[in-house]
Amino acid sequence: MEPIGLYVHFPFCAAKCPYCDFYSAPADASEMDAYSDAVINAVRAWQTKGVRFDTAYFGGGTPSLLGRRLARIAQVLNGEPLREFTVECNPSRVEDGLFEALRASGVDRISMGLQSAVDEERRALGRTADAETVLRRIRQARSAGFESISLDLMLAIPGQTAESLRTSIDFCRDAGVQHVSAYLLKIEENTPFYKMRDTLRLPDEDTVCALYLQAVRELAAAGFAQYEISNFAKDGFAGRHNLKYWNAEEYVGIGPAAHSFVGGKRFFNPRDTAAFLRRNAPLPDGDGGSFEEYAMLRLRLCEGLTQAGTRKRFGHAIPQSLYDRAEHIPQAYLRADADGIRLTAEGFLLSNSITAEILADV
Ligand code: SF4
């Protein structure tokens with residue numbers, strides 16, 4: 001079996017940000033100890049079945065809340081043929097020596113939430129670290145030996161303007177990081193932001209589109225080429241683990257709320273840490289890897305759905321019905337030629353409806 005990806009979810013956060021619906025809650029030291037042991041056991045169980053990992057991603061939640069326990073967990077992957085190993089760190093809480101311990105345990109990529117370099121916007125999102133602290137963390141990570149650092153940016157923050165977004169993009173450029181993920185703020189039900197939605201100064205739809213296109217343009221000018229709807233990287237630094245998702249490649253997900261795709265089957269753990277600690281079996285989520293699913297995921301990438309990739313994976317060309325339907329979509333949103341079909345930045349703003357339209361006959 002070829003090596004696959006590993007995602008581990010850490011369902012802990014010191015406090016809940018008002019816009020976030022990821023599965024996470026506060027925890028004490030003994031809960032984090034028990035969780036660390038459970039993760040190590042779960043990884044070992046896959047290794048015992050002969051599964052090897054070539055990418056690993058520790059996300060959350062706030063993995064860095066676990067401190068040195070993370071380095072102990074990371075060591076279970078020593079000996080795996082890893083080509084990328086990312087840990088998400090919350091810049092407001094990184095204990096002394098953690099970056100060094102992670103680097104010594106084989107982690108080679110750090111992802112941090114900047115969200116905005118404008119402190120007022122960060123505060124509106126419930127983020128406690130100021131931009132200066134984020135910069136200090138980037139420097140600490142770099143001096144610990146990390147040459148691949150990613151920052152999360154948020155678009156369509158209440159009160160965000162073209163000028164304030166430019167400040168955040170300039171921050172990413174000047175901080176010397178290699179990768180930026182820029183996500184549009186989505187108001188999720190069951191969050192404080194949802195209850196406050198009428199009083200938040202949320203940008204209107206036209207402004208949201210303008211902010212997204214500005215991010216694509218200005219990140220490119222700062223050296224971060226777009227390679228996926230929300231992801232931008234310097235040459236050679238596209239996220240290898242996340243590319244597995246968009247290439248419909250297989251991965252194991254460990255922890256509550258984590259999804260897996262192994263042996264052609266998709267399955268997931270419910271949002272329930274206690275159930276994970278009890279080793280409850282994951283729930284089935286159907287078959288994976290169909291052409292429709294592959295096409296849908298590939299259309300998130302700037303490269304798009306290619307003839308070469310489709311032939312390699314499925315042994316046939318892109319079905320003509322996709323080209324027939326693509327003909328009716330304006331060129332501003334989509335390009336279809338002998339190499340394949342791909343969305344433009346403007347098209348990414350309508351990606352759900354465009355993708356559904358061109359795949360309607362599959
Ligand atoms: S730190 Fe991240 S995962 Fe935790 S509540 Fe905030 S946004 Fe959600």
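A nonpolar core, as the term is used on this tour, is a set of buried Ala, Val, Leu, Ile, Met, Phe, Trp, Tyr and Cys residues joined through C-beta atoms within 7 Å. Keep in mind as you click around that this is a predicted model.

**Stop 1: the core**

Start by selecting V180 and A215. The largest nonpolar core has 89 residues, and these two touch the most other members. Domain 1 (4-245) and domain 2 (291-358) both contribute residues to this core, so you will find it lying between them.

Stay on A215 and show what surrounds it. Leaving out residues up to four places away in sequence, A215 touches L155, L165, I169 and A182.

**Stop 2: where the two domains meet**

Now colour the protein by its domain assignment: 4-245 is domain 1 and 291-358 is domain 2. Put a marker at the C-alpha centre of each, and the two markers will sit 29 Å apart. Nine residues from domain 1 and eight residues from domain 2 make up the contact.

Which elements of domain 1 each supply at least two residues of the side that touches domain 2? Select α8 (205-221) and β7 (225-228), and you have them. Of the elements on that side, α8 gives the most, with four residues. Colour this side of domain 1 by residue type and you get seven nonpolar residues, one polar and one charged.

**Stop 3: the ligand**

Next, pick the ligand and show its shell. Around it you should see C13, K16, C17, C20, F22, S24, G60, G61, T62 and N90. By type, that shell splits into four nonpolar residues, five polar and one charged.

Two of the shell residues, G60 and G61, deserve a zoom. The peptide bond from G60 to G61 is cis, and its omega is near 20 degrees. G61 is part of the loop between β2 (53-60) and α2 (69-75).

**Stop 4: two alanines with positive phi**

Jump to A156, in the loop between β5 (149-155) and α6 (162-175). Its phi is near 70 degrees, a positive value in a residue other than glycine. Is A156 buried or exposed? It counts as buried, because it has 20 C-beta neighbours inside 10 Å and the cut-off for buried is 20 or more.

Then move to A257, in the loop between β9 (251-254) and β10 (259-262). A257 is not a glycine either, yet its phi is positive, at about 70 degrees. With 19 other C-beta atoms within 10 Å, A257 is partly exposed.

**Stop 5: β9 and β1**

From A257, step back to β9 and look at its two faces. Y251 and G253 are on one side, V252 and I254 on the other, and all of them are buried, so both faces of the strand are covered. In a regular strand the side chains alternate between the two faces of the sheet.

Add β1 (residues 4-10) to the selection: it runs parallel to β9, and four bridges join the two strands. For one point of reference along the pair, find L6, which stands opposite V252 in β9.

While you have β1 on screen, select V8, which belongs to this strand. V8 counts as buried, with 24 C-beta neighbours inside 10 Å. Setting aside residues up to four places away in sequence, V8 touches V39, F58, I254 and G255. For a distance across the model, draw a line from V8 to A144: these residues are 136 apart along the chain, and their C-alpha atoms are separated by 23 Å.

**Stop 6: F267**

Go on to F267, in strand β11 (residues 265-268). F267 has 18 C-beta neighbours inside 10 Å and therefore counts as partly exposed. Beyond its neighbours within four places in sequence, F267 is in contact with S260, P282, L283, P284 and D285. Another line to draw runs from F267 to L82, 185 residues away in sequence and 23 Å away from C-alpha to C-alpha.

**Stop 7: a three-stranded sheet**

Finish with an open sheet of three strands, where the order is β13-β15-β14 and the pairing is antiparallel. Which strands are at the edges? They are β13 (305-306) and β14 (334-337), each of which pairs on one side only.

Zoom in on β14 and β15 (residues 340-343), an antiparallel pair with four bridges. To see one of the partnerships, select A336 together with I341, its bridge partner in β15.

Definitions and conventions. Residues numbered from 1 in each chain as written. Predicted model: local features only at pLDDT ≥ 70, side-chain atom pairs only at ≥ 80, totals over all residues. Buried ≥ 20, exposed ≤ 12 C-beta atoms within 10 Å, placed from the backbone. Domains from an automatic or database assignment. Contact = placed C-beta atoms within 7 Å. Near = placed C-beta within 6 Å. Nonpolar A, V, L, I, M, F, W, Y, C, P; charged D, E, K, R; others polar. Pairing = 2+ DSSP bridges.
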